[in-house]
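Colleague: Before I plan my reading of this model, I would like a close look at a single part of it. Could you take me through one loop and then set it against the rest of the chain?

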Amino acid sequence: METLQPPGWPRPRGYANGIAAEGRLVFVAGQIGWDETGAFPAADLAGQVRQALRNVVAVLAEAGAGPEHVARMTWYVTDRDAYVADPAALGDAYREVMGRHFPAMSVVQVAALVEPQAKVEIEATAVVPR
């Protein structure tokens, strides 16, 4: 994968402006912060991000992929203020699961998610080299 960084642009923190990659595409549907039993182990945003990312990684593993293959992510959060309130906790949760791989990423605030307890839903697209 190649990180795309236009000249003169400030380097983003925690994501890439763009990624170029070739290989097998893997699309991961939106994952929320519940575990394999449908229970929410955490009520806070950082805890739900951690679990949602674990779920993303579990789906990737089914395709022989890992966090390092993720080219883009979209996060849907129900509370923008909670998202910006504690970047350290979100960063810790992210790095615990994804390591220091930072794909192209968007974060969007939504009014609600289908599961009432969910605070975040994360979609991912991965590219696995052939």
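Modeller: The part I would choose is the loop between strand 3 (24-32) and helix 1 (45-62), which is where A39 is found. Please keep in mind throughout that this is a predicted model. A39 has a relative accessible area of 36%, and since buried means under 20% and exposed over 50%, A39 is partly exposed. Not counting residues up to four places away in sequence, A39 touches G33 and W34. A longer link in sequence can be given as well, because A39 and Q117, although 78 residues apart along the chain, lie 9.7 Å apart in space, taken from C-alpha to C-alpha.

W34, one of the residues that A39 touches, leads on to the aromatic side chains. The structure holds four aromatic pairs. One of them joins W34 to F40, and this pair is tilted, with 6.0 Å from centre to centre and 50° between the planes. The two partners are covered to unlike extents: W34, at 28% relative accessibility, counts as partly exposed, whereas F40, with a relative accessible area of 16%, is buried. Another pair is formed by Y94 and F102, whose ring centres are 5.6 Å apart and whose planes meet at 15°, so this pair is stacked. Here Y94 is buried, with a relative accessible area of 5%, while F102 is partly exposed at 24%. Y94 and F102 also belong to one aromatic cluster, together with W75 and Y83.

For a contrast with the loop, it helps to turn to strand 6 (residues 120-128), in which T125 has its place. T125 has 14% relative accessibility and therefore counts as buried. Leaving aside neighbours within four places in sequence, T125 is in contact with V26, F27, H69, V70, A71 and R72. V127 lies in strand 6 too, and V127 is buried as well, at 8% relative accessibility. With the sequence neighbours within four places again left aside, the contacts of V127 are M1, A21, E22, G23, R24, L25, H69 and A71. H69 and A71 thus appear in the contacts of T125 and again in those of V127. By contrast, Y76 is 51 residues from V127 in sequence, and the C-alpha atoms of these two residues are 22 Å apart in space.

These local views belong to a protein with three helices and six strands, which follow one another along the sequence in the pattern β-β-β-α-β-α-α-β-β. Of the contacts in the protein with a separation of 6 or more, 75% are accounted for by residues 24 or more positions apart. Buried residues make up 41% of the 130 residues. The radius of gyration is 14 Å, which agrees with the value near 14 Å that a compact globule of 130 residues would have, and the C-alpha trace spans about 40 × 35 × 25 Å along its principal axes.

As for the surface, the protein exposes about 7,400 Å², of which carbon and sulfur atoms supply 51%. Its charged side chains comprise 11 positive and 15 negative ones, and the centres of these two sets lie 7 Å apart.

Note on methods
Residues are numbered from 1 along each chain as its sequence is written. This is a predicted model: local features need pLDDT of at least 70, side-chain atom pairs count only at pLDDT 80 or more; totals for chains, interfaces and linings use all residues. Side-chain values use heavy atoms; hydrogens and water are left out. Helices (H or I, at least four residues) and strands (E, at least two) are DSSP runs, numbered from the N terminus. The radius of gyration is taken over C-alpha atoms; the globule rule is 2.2 Å times the number of residues to the power 0.38. Buried means under 20% relative accessible area, exposed over 50%, partly exposed in between (1.4 Å probe, protein chains only). Contact means heavy atoms within 4.5 Å. Accessible areas come from the Shrake-Rupley method with a 1.4 Å probe; for residues, only the protein chains shown count as cover. Lys and Arg count as positive and Asp and Glu as negative; His and the chain ends are not counted. The place of a charge is taken as NZ of Lys, CZ of Arg, CG of Asp or CD of Glu. Rings of Phe, Tyr and Trp (its six-membered ring) pair if their centres lie within 6.5 Å; planes under 30 degrees apart count as stacked, over 60 as edge-to-face and the rest as tilted.
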